[in-house]
Amino acid sequence: MTTCSLGRNTILRITWILVLFLLFPVYLEAQYFGKNKVRYQDFDFRIRETEHFDIYYYDDTEASVELIAKLAERWYDRLSDVMDHELGARQPLIIYATHTHFRQTNTTMGHIGEGTGGFTEALKNRVVLPMTGNLADFDHVLGHELIHAFQFDMTGRRGDPEGTRIPGATRLPLWLVEGMAEYLSLGPDSSLTSMWMRDAVQRDDLPALRRLNHPRFNPYRYGHALMAYIGGRWGDDAVTEFMRTAVRSGNLNQATQNMFDLSAEEFSEQWHEALRSRYRPLIEASAPADTHGRQLRPGRDDRGRRSANVAPALSPDGQRLVYLSERQGVAMELFMMDVESGEVIRRFSEFALDPHFESLQFVSSAGSWSPDNRHFVFAAVLQGVPALTILDTETGRVVDRIRFPELGEVYNPAWSPDGRHIAFSGQDRGFTDLYLYDTEQENHERLTEDRYSALQPAWSPDSGTIAYVTDRFSSDPDLLFAGVHQIALLNLESQAIREIPQVPGSKQINPQWSADGANLYYLSDSRGTSNLYRVDLASGATEALSNVHTGISGFTGLSPALSVAGPDDTIAFSAFDAGGFGLFVTDPGSLPESSVLSELTVATEDRLLPPLERTDQKVAEFLAEPARGLIADPVRRERDYRARPTPDFISQVHIGAAAGAGGTAAGGGATVYWTDMLGDHHLLTQLELHYQEGELVRNTAASVTYENRSQRFNWGVNVSQIPFISAGFRQTLGEVDGESAVIQQALRYWEVNRNVTGSIFYPLSQATRLETSLGYRYIGFDGEQRTRAFSASTGRLLAQSREELTVAPSLDLFRAGVAHVFDTALFGATSPMLGQRSRLQLTAVGGDLRFTEALADYRAYWMPFEDYGLSLAGRAMHLGRYGGDAESPRQRPLFIGSPSMVRGYDQGFSLAEEPVLASMQGSRMAVANLEARYPLTGSRGLVGGDFTWPADLALFYDTGTAWNSGTSFLGADRSLVSSYGLSLRTNLAGMVFQFSYVRPLDTVDRDWRFQFTIQPGF
């Protein structure tokens, strides 16, 4: 009797190889698609040391290092006290001069959004942030991020010899971590957070503690309000202790019970009652935004969908309005509407999809019209360079791009009424000043030069004076105290700067001139909420013109939100409205009855978060004492930066051993991921050992990957050995030396891949790059047969032998490739929604096999019905091998029957069962796909609202074929195979799960079938 069992199985655990792609997107075989993080500048970093910090800086930030050192040490003094903790190691602090430079950082692999002001990452606990151009904002962001550094240090270990343990704070809800950082850096006085809370109370939409993680509740604002409540009721020390308790318990319900002797439900209700008691009287004493003007765009429509409509800019005649609006939650775009009808006239060129544009500065900037109502200028970043972009509003075309390579960023351009100049704010070496661009001479000059903010310029009707926002009147440079922003007037002829009548202690921003030049409109939070004011420049009489529930505001407290134009002073403003930002238009005569402020006093208590009667004022007290912790000369020494990679991550080291009838085996391995402090050098080392019956080398998997990102040219090298092992077993009855025996044969086969690959990629822009690669690959095929004979009667070992098997000749392959990659795609939750992607690639293969591989892959995405969220996606792809060995039996044919190609054909059919397989494999292939995608959940979805679980539906049609050089696709020797069906995709923790119900049209049975895969839509 003979029994035989030969199943292909992998002995080595090779799943660790996926870490290479999950942790380390090195461009060795090149990332297939993806936008580029372009290193436009070379940053020559140096380090200055203080008592507690290593401050990383370069030439553009050198002038600010002393200031940053003082601010950092002052924050350390404050935080070590209020958080009752000393950092366990020196704190790295990496500073960039501008947000444009900051977006080029290699300290994070991901792309940095326009609204990201800084970050603290947990692996090296490094704080990375840009200069913001004004002291108050930078000091706040610095304090906020240092609080995260304290949180990570308090809840994790640094310098652990066994690797980096992820801090416990990273497992806490975002609202707790961010809310704590906001409260300890700002205190309870915040008109911005109060604005959000008034809106929530007015709509009766206050979340319980268990629902605060829902994405529709801004973690910064709601978390800030909740932490202010804890600090005010139980004392500021309780804020830090609440974090510690939450980490220890791992359960917020338990944390509230342990800390406050309240269940989570009781805690939530008492917090809600404090908010209602605080804000209902203020709401009753104010009015909704739509009572102050005609609504042009809502913050939330009748289907419950939130939107952001900000940065309004009226044409000089007051008839048209340009504004920024959120497009399907994936991009901000520039629109123009008719003020009278409220109809959108034009959406300007799709800047979010334009490879030249990297930023529209939508958080901090608004644009301006030319005096002839024909052109519109706005600030942008074009391929790493700040620029003013001028549009023809009649055609929608860009007519000029004025670049300022010597500046870091530009904001808020303002066209002079005489048409000659454009004033704007420019950031240089960390500070903002006013600049003037001459449209005739095509040059620019600097109007101010100091360390005070200079923002939001606005021209007087006679083009002789510029009103702008500055903190020069309330700041104390000696104490590094950043005062509130107020309005100044700059006379261009005399260069004299004077302040307008101010409300002490409150901000005044966004100045706009009246048509006659006698008055100035602006926004102020002097009564606790950002509202519209007007000042008579001759008499100084100030009027409050609006009293909106939530406030007239943009994304931040300094975002532009007001525009005044036209002969009758038409007023356009954005207001926080039902969780979004709506646009409104009015005129002074249509506003509620104004109140003249006889005394310029500020109602600071209206900005305070509840409770008003606070148990402890530790945070508020240190924020009010700028001299506390301030060191005159904090820098101790300076040194050059040298890249020294250190482990960021060490996987759990595993070791194991086994023994049995088949012999003994032992194995183990680990993965270590290394980077330097600036993230310019990345190293991934992986080792998996498996020893069995004297065999080690062929069983060992190892990989070393290095990537250098220090220049615009990125390059990398990978050296690896990956074995794929299969085994079988055969048992027969026979005879050995005349004795009946049981003969056992153990079969083992190795396919050992040894690879050396080098790659270079050069990004031409954020959307386009060139890639080249060169590599050598050895593929060895080995086998062995171990034979043992046992006595059939006694079981005694009679004989044993080991024999090497000839499997196949080894392969030596050399590969050289070049590719052009283009990607402007904007993603939804599970798939791209807008834009284009393409990849053109040629790879030459030489050595034991000689052929050329050609790839052309083009994909496009449209949204023909944006209001309904419907998008269309199309793909056309060809992959083919050409040349002498293109169809060698030593390599597998291409096969289109996979979930990423033509769905529904991936079952294990044989050619006899499914003749159509002949049209699905070959040396060349072509595939086309079409999908109609619709969000099932989310703000545009069928379920509606802000459902937490993102899911999309897709109706699809797939078609394709494969052929060899001896057959013809277009000549119809090979037929197309097709399928159609419905897919459900959902995003869970960043992984897209796809469930498809598909009908293949060319199988024998043509039955509907289910298919599951983990991948986003194409």
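**Exercise 1. Locate Gln 495 and decide whether it is buried, partly exposed or exposed.**

Solution.
- Step 1: Gln 495 sits in the loop between β23 and β24 (497-499). The model is predicted.
- Step 2: The relative accessible area of Gln 495 is 40%. Buried means under 20%, and exposed means over 50%. Gln 495 is therefore partly exposed.
- Step 3: Now the backbone. Phi of Gln 495 is near 65°, a positive value in a residue other than glycine. Most residues other than glycine have a negative phi.

**Exercise 2. Do the same for Leu 480: find its loop, its phi and its accessibility class.**

Solution.
- Step 1: Leu 480 is in the loop between β22 (465-470) and β23 (486-491).
- Step 2: Its phi is about 50°, which is positive, although Leu 480 is not a glycine.
- Step 3: Relative accessibility is 10% for Leu 480. The cut-off for buried is under 20%. So Leu 480 counts as buried.

**Exercise 3. Find which residues the cis peptide bond joins, and place Pro 611.**

Solution.
- Step 1: The cis bond joins Pro 610 and Pro 611. Omega there is about 5°.
- Step 2: Pro 611 belongs to the loop between β32 (595-597) and α11 (618-623).
- Step 3: For context, most peptide bonds are trans.

**Exercise 4. Compare the expected span of helix α4 with the distance between its end C-alpha atoms.**

Solution.
- Step 1: α4 covers residues 135-154 and has 20 residues.
- Step 2: The expected span is 1.5 Å times one less than the number of residues. For α4 this should give 28 Å.
- Step 3: The end C-alpha atoms of α4 are 28 Å apart, which agrees.
- Step 4: Check the cover. Of the 20 residues of α4, 17 are buried, so the helix is mostly covered.

**Exercise 5. Describe how α4 packs on α5.**

Solution.
- Step 1: Helix α5 spans residues 174-186. The axes of α4 and α5 are 8 Å apart, at an angle of about 130°.
- Step 2: Angles over 145 degrees count as roughly antiparallel, and 65 to 115 as roughly perpendicular. The pair fits neither class, so α4 and α5 are oblique to each other.
- Step 3: The crossing of α4 past α5 is right-handed.
- Step 4: α4 brings His 140, Gly 143, His 144, Ile 147, His 148 and Gln 151 to the contact. Residues on the α5 side include Val 177, Met 180, Ala 181 and Leu 184.
- Step 5: Sort this contact by class: six nonpolar, six polar and two charged residues.
- Step 6: The general rule helps in reading such lists. Residues three or four places apart in an α-helix point the same way, because there are 3.6 residues a turn.

**Exercise 6. Repeat the analysis for α8 and α9.**

Solution.
- Step 1: Helix α8 (residues 237-249) and helix α9 (residues 252-260) cross at roughly 135°. Their axes come within 8 Å.
- Step 2: α8 and α9 are therefore oblique to each other.
- Step 3: Their crossing is right-handed.
- Step 4: From α8, the contact uses Ala 238, Glu 241, Phe 242, Thr 245, Ala 246 and Ser 249. Among the α9 partners are Leu 252, Ala 255, Met 259 and Phe 260.
- Step 5: By class, there are seven nonpolar, five polar and one charged residues in the contact of α8 with α9.

**Exercise 7. Place Thr 852 and list what it touches.**

Solution.
- Step 1: Thr 852 lies in strand β46 (residues 851-865).
- Step 2: Its relative accessibility is 35%, so Thr 852 counts as partly exposed.
- Step 3: Leave out residues up to four places away in sequence. Thr 852 then touches Leu 842, Thr 843, Ala 844, Gly 880, Arg 881 and Tyr 882.
- Step 4: Val 672 is 180 residues from Thr 852 in sequence. C-alpha to C-alpha, the two are 36 Å apart in space.

Key: Residues numbered from 1 in each chain as written. Predicted model: local features only at pLDDT ≥ 70, side-chain atom pairs only at ≥ 80, totals over all residues. Heavy atoms only, no water. Axes fitted to C-alpha atoms, helices over the stretch in contact; angles between N-to-C directions. Helix = DSSP H or I, 4+ residues; strand = E, 2+ residues; numbered from the N terminus. Parallel < 35°, antiparallel > 145°, perpendicular 65-115°, else oblique. Left-handed = near helix turned anticlockwise from the far one by under 90°. Contact = heavy atoms within 4.5 Å. Nonpolar A, V, L, I, M, F, W, Y, C, P; charged D, E, K, R; others polar. Buried < 20%, exposed > 50% of the residue type's maximum accessible area, 1.4 Å probe, protein only.
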